[in-house]
Amino acid sequence: MLSKVQRVIRPIYAIRGRHKSALEVAESPAPEDTVTASFGRFINGVQPQHLNPTVLQRSKRMVLDSIGVGLLGSTTDVFDLALQHCQHMYAPDDISSVYGRKGTRLSPTLAAFVNGVAAHSMDFDDTWHPATHPSGAVLPALLAVSDMLPSNSKPSGLNLLLAFNVGIEIQGRLMRFSNEAQNIPKRFHPPTVVGPMGSAAACARLLSLERSQCNHALAIAASLSGAPMANAATQCKPLHIGNAARLGLEAALLASRGLKASSLVLDAVPGVAGFSAFYEDYAPKHLTSPEEEDGHAFLLEEQDMGFKRFPAHLGMHWVADAAASIHKVLVGVKSGHISPGQVQDILLRIPHSKYINRPFPESEHQARHSFQFNACSALLDGEVTVQSFSPAALRRSDLLALLSRVRVEHPHDNPANFDRMYAEVQVTLVGGNILTGRCDTFYGHWRNPLTNESLRNKFRSNAGAVLPQEKVEGLIEVVEGLDRLEDCTHLLSQLQ
């Protein structure tokens, strides 16, 4: 009787193409020429010798910056909330270290979570193009795994860098499969989409998973991905990075235990959405492996990373630099503040992006996502700093007076795209004079990267809020020599 039922059902699948596609995805093994399989081959096959000097140098800068913003982030309220939640709701599992908290350890996945939260708690972490925050989703997971491994199996610094670059590369490649991803996002927060995939890939590489397990790790991570942009500019946004690091690690660990998922998750299968669920114009391509004839060029070699000089959304750096140039004209070379009484009107010519157009921010997280706030802070003080987002700074009467005089325009030639946007600030003084400042590429952008000394100084300022000076300088030395470190024990011991 069962065989007759099966014979009746099969023609129905043949008639209903949508169901047939679903059945194929669920049951068909992945051929070696699928997009998903090509990603697995890359993760499994890439070796340290495939990292050229440019990629090594740029990735070490990313590691240093990510640790620094994570250490500073461990002083924030949102980090405290996340840490207390993990300590109170889960059984103790003293394995992996927590940024800036001496003697505090958690399970590997929870440590990845809280350290990821720390990295994004002030929106001070690196940003790439297409727009995402790549390091915070990957490094906390790799550090947690390194802590988890036995003392005689700790990864070398070079192997840690290899896994880190795998995680960065996977994120970049996935975002380049969509034109929609080129612009400042509207639907999904990108680190919640590509971040778990990068974390899963990096952890799979560090754990030396088999090729098929790498495929499954990505597919599992895809089912753990995605968070809405509505939670930008709230305390919830840092959780996006924490979850990306944690869930990617969990995906790799589940794959290592034999859990299987779709073998076509990265492919474009008609009628069944895999990773294409996140981008309507998703058009995947095969990822070349280093052993192939033409080799593989890492995206980080082609495009450097963007590093922030102050803790706010990347778009704020354009408008802050434009406003600071006007402050310099009004005040001169000496430091000082302008008086709101001098200003009649402030016009911002900025891209159209609703979630960073906030005329009167009510919290530090909203202020970090407000063109108006950052323009007025830079106009008033000549710069934007960590202290600019303190409760006292947000309530300043001079700042509120300037905010009330701001108008915005969205020129057609100014797209919401980190590679093409600009910011123009036009200030009309009470006497009628008009001053205009414009920024096309701020200092810290991948086209105008921070010097090594500027990046070290940012790290010293951030890490110095938590660690003694000797540890800060020691970390700089360790990270800059990471590719020569025999194992990561020395690095791990410096993070608390």
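Here, a residue counts as buried when its relative accessible area is under 20%. Keep that in mind for the close-ups below, which all come from a predicted model.

**Figure 1. Strand β5 is covered on both of its faces.**
Let's start with the strand itself. On one side of β5 sit Ala423, Val425, Val427 and Leu429, and on the other sit Glu424, Gln426 and Thr428; every one of these is buried. With seven of its seven residues buried, β5 is therefore largely enclosed by the rest of the structure.

**Figure 2. Four strands line up in an open sheet.**
Zoom out a little and β5 turns up in a sheet with the order β4-β3-β5-β6 and mixed pairing. The edges belong to β4 (406-409) and β6 (434-439); each has a single partner strand, so one side of each is left without a neighbour in the sheet. On average, neighbouring strands here are turned by 20° against each other, direction ignored.

**Figure 3. β5 pairs with β3 and with β6.**
How do strands hold on to each other in general? They pair through backbone hydrogen bonds, in a parallel or an antiparallel way. In this view, β3 (residues 343-349) and β5 (residues 423-429) run antiparallel and are joined by six bridges. Look for Asp345, which stands opposite Thr428 in β5, and for Ile346, whose bridge partner in β5 is Val427. Six bridges also join β5 to β6, and that pair runs antiparallel too. Val427 shows up again here, standing opposite Leu435 in β6. Four residues lie between the strands in the hairpin of β5 and β6, where Gly432 takes a positive phi near 105°.

**Figure 4. Helices α14 and α16 pack on the sheet.**
Now bring in the helices. Helix α14 (residues 316-331) touches β3, β5 and β6, and its direction makes about 140° with that of β6. Helix α16 (residues 371-381) touches β3, β4 and β5, with its direction at about 130° to that of β3.

**Figure 5. α14 and α16 also pack against each other.**
What angle do α14 and α16 make where they pack? It is about 30°, with the axes 7 Å apart. Angles under 35 degrees count as roughly parallel, and α14 and α16 are therefore roughly parallel to each other. Their crossing is right-handed. From α14, the contact takes in Met316, Val319, Ala320, Ala323, Ala324, Ile326 and His327. Facing them from α16 are Phe371, Asn374, Ala375, Ala378, Leu379, Leu380 and Asp381. Sorted by type, the residues of this contact come out as eleven nonpolar, two polar and one charged.

**Figure 6. Helix α3 is mostly covered.**
Our next stop is α3 (residues 35-45), where ten of the eleven residues are buried. Among them are Val35, Phe39, Arg41, Phe42 and Ile43. Which helices help to cover the buried residues of α3? They include α8 (157-175), α10 (195-206) and α11 (211-222).

**Figure 7. α3 meets α11 in a right-handed crossing.**
The axes of these two helices come within 8 Å and cross at roughly 120°. On the α3 side, the contact is made by Thr36, Ala37, Phe39, Gly40, Arg41, Ile43 and Asn44. On the α11 side, look for Arg211, Cys214, Asn215 and Leu218. The contact of α3 with α11 divides into five nonpolar, four polar and two charged residues.

Terms used. Residues are numbered from 1 along each chain as its sequence is written. This is a predicted model: local features need pLDDT of at least 70, side-chain atom pairs count only at pLDDT 80 or more; totals for chains, interfaces and linings use all residues. Side-chain values use heavy atoms; hydrogens and water are left out. Two strands pair if DSSP finds at least two bridges between them. Axes are lines fitted to C-alpha atoms, for helices over the stretch in contact, and angles run from 0 to 180 degrees between N-to-C directions. Contact means heavy atoms within 4.5 Å. Angles under 35 degrees count as roughly parallel, over 145 as roughly antiparallel, 65 to 115 as roughly perpendicular and the rest as oblique. A crossing is left-handed if the near helix is turned anticlockwise from the far one by less than a right angle, and right-handed if clockwise. Ala, Val, Leu, Ile, Met, Phe, Trp, Tyr, Cys and Pro count as nonpolar, Asp, Glu, Lys and Arg as charged, and the others, Gly among them, as polar. Buried means under 20% relative accessible area, exposed over 50%, partly exposed in between (1.4 Å probe, protein chains only).
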